[in-house]
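The following exercises are to be worked through with the sequence and the coordinates at hand. Each task is followed by a solution in steps.

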Amino acid sequence: MRRIALVTLVVDDYDEAIRFYTEALGFRLVEDTPRPDGSRWVVVVPGDQGTGVLLARAKGDQQRARVGDQTGGRVGFFLHTDDFARDHARMLAAGVTFLEEPRHEPYGSVAVFQDLYGNRWDLLQPAD
């Protein structure tokens, strides 16, 4: 079996990114390991299964320029839920910025939000 195990998000600061992903989005911190070069291996996951997100602190001007715009302004990440209304309300209460009102499409209920750096995500409850 093959699967994507991790995707990398370049962030400004490990701790602020951990707080956002765990507190505002409800992800679970599964690893935060210091590395010899002073960096950290930080992985969060949205639930018990699925692809993890490696939060990698930007190093150098080129990486810092990518923070918050890793997909050129497009939605690059898709957070599936089994209860759109619950998660949308919880995320709003936690201060997550939604860029549109929820909409109902043939493929499910969806709304675009941004993470603390401006990367765009879909919160999506797929249609049955």
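A salt bridge is a side-chain nitrogen of Lys or Arg within 4 Å of a carboxyl oxygen of Asp or Glu. The model is predicted, so that local features need pLDDT of at least 70 and side-chain atom pairs count only at pLDDT 80 or more, while totals for chains, interfaces and linings use all residues. Residues are numbered from 1 along each chain as its sequence is written, and side-chain values use heavy atoms, with hydrogens and water left out.

**Exercise 1. Salt bridges**

Determine how Asp87 and Arg86 are paired, and classify the accessibility of Asp87.

Step 1. The closest N and O atoms of Asp87 and Arg86 are 3.0 Å apart, and the two residues form a salt bridge.

Step 2. Accessibility is classed by relative accessible area: buried is under 20%, exposed is over 50% and partly exposed lies in between (1.4 Å probe, protein chains only). Asp87 counts as buried because its relative accessibility is 12%. Arg86, at 43%, is partly exposed.

Step 3. Another salt bridge joins the side chains of Arg64 and Asp61, at 3.0 Å from N to O. Both residues lie in helix H2 (residues 60-66), 3 residues apart, about one turn of the helix; helices (H or I, at least four residues) and strands (E, at least two) are DSSP runs, numbered from the N terminus. Asp61 is exposed at 63%, and Arg64 is partly exposed at 44%.

Step 4. The search of the whole structure gives 8 salt bridges.

**Exercise 2. The surroundings of Ser109**

Establish which side chain makes a polar contact with that of Ser109.

Step 1. Ser109 belongs to strand S8 (residues 108-114). Ser109 is classed as buried because its relative accessible area is 16%.

Step 2. A polar contact is a pair of N or O atoms within 3.5 Å; within protein, one must be able to donate a hydrogen and the other to accept it, and residues adjacent in sequence count only if both atoms are side-chain atoms. The partner is His104, at 2.8 Å.

Step 3. Contact means heavy atoms within 4.5 Å. Beyond neighbours within four places in sequence, the contacts of Ser109 include Phe84, Arg103 and Leu123.

Step 4. Arg103 also takes part in a salt bridge with Glu100, the side chains meeting at 3.0 Å, N to O. Arg103 is partly exposed, at 27%, and Glu100 is likewise partly exposed, at 26%.
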